[in-house]
Amino acid sequence: MTRTVYVNGDYLPEDEAKVSIFDRSFLMADGVYEVTSVLGGKLIDFDGHLARLERSLGELDMQKPEAFDDLLDIHRELVRRNELVDGMIYLQVSRGSAGDRDFVFPDPEEVKPTLVLFTQSKPGLADSPAAKTGIKVISIEDIRWGRRDIKTVQLLYPSMGKMMAKKAGCDDAWMVEDGFVTEGTSNNAYIVKGSKIITRQLSNDILHGITRAAVLRFAREAQMEVEERSFTIDEAKEADEGFVTSASAFVLPVVEIDGVALNGGSPGPVAARLREIYLDESLKSAI
Ligand code: PMP
């Protein structure tokens with residue numbers, strides 16, 4: 001089945017979809033994105049992703065695409081047309097194409113944003129083997145720009161970080177700034193000490209994860225103790241457990257950091273419980 005994608009108002013077969021070579025996301029990484037998971041044909045945490053998209057656009061003075069208010073319908077239509085059961089919907093908004101290359105932002109009256117959405121099918125997304133085995137991470141220096149709270153398509157360094165991890169025989173990298181862990185290359189990072197869940201406080205230094213917000217809310221509702229503060233990579237290596245959260249991975253246990261095993265190298269009980277609660281609760285509220 002050929003995938004149907006969405007580009008600026010049209011649903012098209014993927015090989016007929018076109019974006020200008022002058023598009024500013026292509027030339028300047030001048031674009032923002034969101035990834036929403038789909039489980040059983042339903043969208044997980046859609047309202048959170050839409051709210052963060054609106055914020056990212058606002059922080060970059062980028063206008064909302066004309067179809068902003070129709071985004072839920074567009075997501076649902078892509079699920080329907082692609083018969084998507086489990087997977088993700090990727091959405092990208094760029095500042096558009098001024099028909100040439102120029103550092104200066106184009107006049108928003110003349111150049112409209114580019115809106116692209118496509119589906120990625122991942123059968124059995126919620127039963128990934130990594131949830132049972134846990135993942136191994138390495139630590140790398142965080143050399144990204146200072147507005148990591150904006151979800152831009154500027155993903156070269158996170159991509160390089162994944163490659164560094166792969167080369168080291170691991171699954172992902174935790175980025176470290178001034179000795180403190182910021183986040184994973186595509187997820188938020190947590191440690192557990194005793195029964196306490198510790199994760200970095202929100203600021204411009206990290207992405208404000210939609211899954212992070214939901215997981216912390218569910219943890220507090222379940223009377224689990226949560227501390228939002230920075231932790232060092234050394235503290236992480238001595239923690240009882242580690243885990244990461246993201247829209248497409250949900251909650252994944254971390255069982256090794258720089259070769260140091262956590263919880264004897266097996267997923268810990270807190271991460272396992274949070275994954276279960278997150279999946280149960282978000283399926284209940286999926287739309
Ligand atoms: N941090 C970074 C750097 C990310 O790329 C992501 C995934 N987009 C996250 C955190 C997790 O955010 P979310 O839970 O909204 O997917």
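Me: Quick one to start: what does Phe118 count as at 25% relative accessibility?

Reply: At that value Phe118 counts as partly exposed. Buried means under 20% relative accessible area, exposed means over 50%, and partly exposed is in between (1.4 Å probe, protein chains only). Bear in mind that this is a predicted model, where local features need pLDDT of at least 70, side-chain atom pairs count only at pLDDT 80 or more, and totals for chains, interfaces and linings use all residues. Residues are numbered from 1 along each chain as its sequence is written, and side-chain values use heavy atoms, leaving out hydrogens and water.

Me: Cool. How many aromatic pairs are there?

Reply: There are seven aromatic pairs, counting rings of Phe, Tyr and Trp (its six-membered ring) whose centres lie within 6.5 Å; planes under 30 degrees apart are stacked, over 60 edge-to-face, and the rest tilted. One of them joins Tyr90 and Phe118, stacked at 4.9 Å centre to centre with 25 degrees between the planes.

Me: And why does that pair tie together separate parts?

Reply: Tyr90 belongs to strand β5 (residues 87–94) and Phe118 to strand β6 (residues 114–121), so the two parts it ties together are 28 residues apart in sequence. Helices (H or I, at least four residues) and strands (E, at least two) are DSSP runs, numbered from the N terminus. Tyr90 is buried, at 15% relative accessibility.

Me: Which residues make a cluster through ring pairs?

Reply: Tyr33, Tyr90 and Phe118 are linked that way.

Me: Switching topic: which strands does β7 pair with?

Reply: Strand β7 (residues 135–141) pairs in the parallel sense with strand β14 (residues 250–257) over three bridges. Five bridges join β7 to strand β8 (residues 172–177), also running parallel. Pairing here requires at least two DSSP bridges between the strands.

Me: Any residue partners I can click on? Which one sits opposite Ile138?

Reply: Lys136 has Glu256 in β14 as its bridge partner, and Ile138 stands opposite Ala173 in β8. From β7 the chain crosses through helix α5 (residues 156–167) to β8, a right-handed β-α-β crossover. Right-handed means that, with the strands pointing away from the viewer, the path from the first strand over the helix to the second runs clockwise.

Me: Last thing, how many helices and strands overall?

Reply: The protein has eight helices and 15 strands. Its C-alpha trace spans about 55 × 40 × 35 Å along the principal axes, and 50% of its 287 residues count as buried.
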